Amino acid sequence: MELVDIPVADIKVLNRLRKTDPHKIGELAESIRDINLLHPIAVAEKDDHYVLLSGEHRLSAFKLLERPTIPCVVRENNPLINQLVEVSENLCSNRLNAIEESNAIVMREQILIKLGRKAVVGSNQYTEGKITNAELSNQLGISRRVYQYKKQVANINPKVQAMLGETKFANSMMDMVKLSKQTVAVQKAVAQILVASPTTTFKQAFITAKLRLIPDAWSEENRKLREEIQLPKSIMKFDRKKDKLNDICRTVSHNEELRRPKKKALFGTNVVSNYTMLPEHSRWFIKYFSNEGDLICDNTCGRGTNIIAGAYEKRKVIGFDLNKNNLDCIKEALDNYIEPVQTQPTSSENVNYELIHDCGVEMVKFKEASNMIDLFINDIPYILSAEKYTDDPRDLCNIKDLDGFYERVEVMMKNMKRLIKTSNYEEGVIKPIIMKVGSQRRGNKGLMTMDTDIEMIGRKIGLTLHDKIINELRPSMQSYIINTSFQKRFTMKIMETNLIFVKYE
Ligand SMILES: C[S@@+](CC[C@H](N)C(=O)[O-])C[C@H]1O[C@@H](n2cnc3c(N)ncnc32)[C@H](O)[C@@H]1O
């Protein structure tokens, strides 16, 4: 192609794709003064002047040196080709930031498509002989993967591109790729933070923006649940609420026929009922860990606090216990006070509960079943016969040695593991086995804590400990215990542990 010396004043610069760098122009000017221009600039003739196609820095250097003319190659004036030349040169110059580079890549592809030299992705047109993305990435000396990353940056919202385009942050390709994958709201928040305080790192701005926008990530369901259960904390205290659920539970827990005196209560002078759970405790766990319509099971249901709270909160419930009177009394409460959840609208049967007078360790009725329960919640007897429930030898309260007790607990946990549905952590599907346990002090044998032992059984049989929640108890028989505590230097036990296990694939 012919080289012509053209007056600098006759060359116009149109459609600049990138800004010129004064420092670079200064350097170029010096080298031109020393060794002259190595590469001519490219121009096209237009009317009575010329249009610059590529070489803006070189042209500016000539202006700086006040040289009257500059060596040029004159090309045919086709706007698309002119643009293509400019964009391609810019891409090869390595001086673009990630946003400019991405836009240049996209623009180059668009021009090539308009010129009919590149196939449109996804169209059925005849593609033979057309330029591919692999070839375009090759030209730039990068892999296809990096080419895709670079191109992705152009997806950043145009306003955000304008905000960040001239900041140092636009130099990091991977940060810009990350930004391009966010919602427009997050992109804008990140850009605002970075523009307002440029000393912030991109990572800090990203985390801050995400946190700021987190309330939008709350699903309606979780927002409602949060109002009901308040903050889920690792130490919880539940109070008695005088409401309908409490009244229903009391019809069972205060039934005179079911009352059994605690063996040593107040030195035998008074009748104290065996312990029942606080309805608020049951309700909280059931609400947080299951949904309406779920099937929940308490396999040592006693006087049925979990069962009643579950049915009250519209779950289907299964209860096992060895005490027939308990079950009859729970049945009466459910029939009288709780609306059945009917799984089959046509069925006249009351289908929301099943009370089984049998051993909850073996759960023989479900021997062949698996993956059917959404939530197990139980409150097994404390170790070492702390309370007497029934005379049935299968009753855990009748096992007097620790090893024998935990052997049965292991059998129970294996059966629960088979019956509980599988959880999926990534998808937020949590189907727990919740076991409320306590501890016993045995003189110089020390403190025996069920949570440690049961956690180890869980680990042994392949359950995952998902959480551990302490619930604070009101101290009972304080004056008697305080004196002993001080004498023997131990603390008053005012907590129970709720172990929460899940089964993963
Ligand atoms: C601590 S109580 C449960 C109290 C219950 N959460 C409530 O609020 O009333 C333990 C219960 O487990 C029952 N139990 C013990 N061993 C059992 C077994 N092998 N099968 C079924 N129930 C059993 C006892 O009869 C007792 O009612």
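Reader: How many residues of helix H14 are buried?
Author: This is a predicted model, in which local features need pLDDT of at least 70 and side-chain atom pairs count only at pLDDT 80 or more, while totals for chains, interfaces and linings use all residues. Residues are numbered from 1 along each chain as its sequence is written. Helices (H or I, at least four residues) and strands (E, at least two) are DSSP runs numbered from the N terminus, and a residue is buried if 20 or more other C-beta atoms lie within 10 Å of its own, exposed if 12 or fewer, and partly exposed in between, with C-beta atoms placed from the backbone. H14 is mostly covered, and its buried residues number 8 of 8.

Reader: Which residues come nearest to the ligand?
Author: A residue is near a molecule if its C-beta atom, placed from the backbone, lies within 6 Å of it. Around the ligand there are 24 residues, and the nearest are Thr300, Gly302, Arg303, Thr305 and Gly360.

Reader: How many residues of each class are in the shell around the ligand?
Author: Ala, Val, Leu, Ile, Met, Phe, Trp, Tyr, Cys and Pro count as nonpolar, Asp, Glu, Lys and Arg as charged, and the others, Gly among them, as polar. Sorted this way, the shell has 10 nonpolar, 9 polar and 5 charged residues.

Reader: How many degrees, on average, are neighbouring strands of the sheet holding S6 and S9 turned against each other?
Author: Two strands pair if DSSP finds at least two bridges between them. Here 8 strands make an open sheet with mixed pairing, in the order S6-S14-S15-S11-S10-S7-S8-S9. At its edges, S6 (235-237) and S9 (353-357) each pair on one side only. With direction ignored, the average turn between neighbours is 20 degrees.

Reader: What angle does H14 make with S8?
Author: Strands S7 (295-298) and S8 (316-321) run parallel, joined by 4 bridges. Helix H14 (residues 305-312) packs on the sheet and touches S7, S8, S9 and S10 (375-378), where contact means C-beta atoms, placed from the backbone, within 7 Å. Axes are lines fitted to C-alpha atoms, for helices over the stretch in contact, and angles run from 0 to 180 degrees between N-to-C directions. For H14 and S8 the angle is about 170 degrees.

Reader: Which strands are at the edges of the 5-strand sheet?
Author: This open sheet has mixed pairing and the order S1-S5-S3-S4-S2. The strands that pair on one side only are S1 (3-7) and S2 (11-12).

Reader: Which residue in the turn between S3 and S4 has a positive phi?
Author: S3 (residues 41-46) pairs with S4 (residues 49-54) in the antiparallel sense over 5 bridges. Along this pair, valine 43 faces leucine 52, and glutamate 45 has tyrosine 50 as its bridge partner. The two strands form a hairpin with 2 residues between them, and the residue with a positive phi of about 50 degrees is aspartate 47.

Reader: Which residue of S5 stands opposite isoleucine 41?
Author: S3 also pairs with S5 (residues 69-75), this time in the parallel sense over 4 bridges. Opposite isoleucine 41 in S5 is cysteine 72.

Reader: Is serine 485 buried or partly exposed?
Author: Serine 485 is found in helix H18 (residues 478-488). Leaving aside neighbours within four places in sequence, serine 485 contacts Phe490, Thr491 and Met492. Because 15 C-beta neighbours lie inside 10 Å, serine 485 counts as partly exposed.

Definitions and conventions
Two residues are in contact if their C-beta atoms, placed from the backbone, lie within 7 Å.
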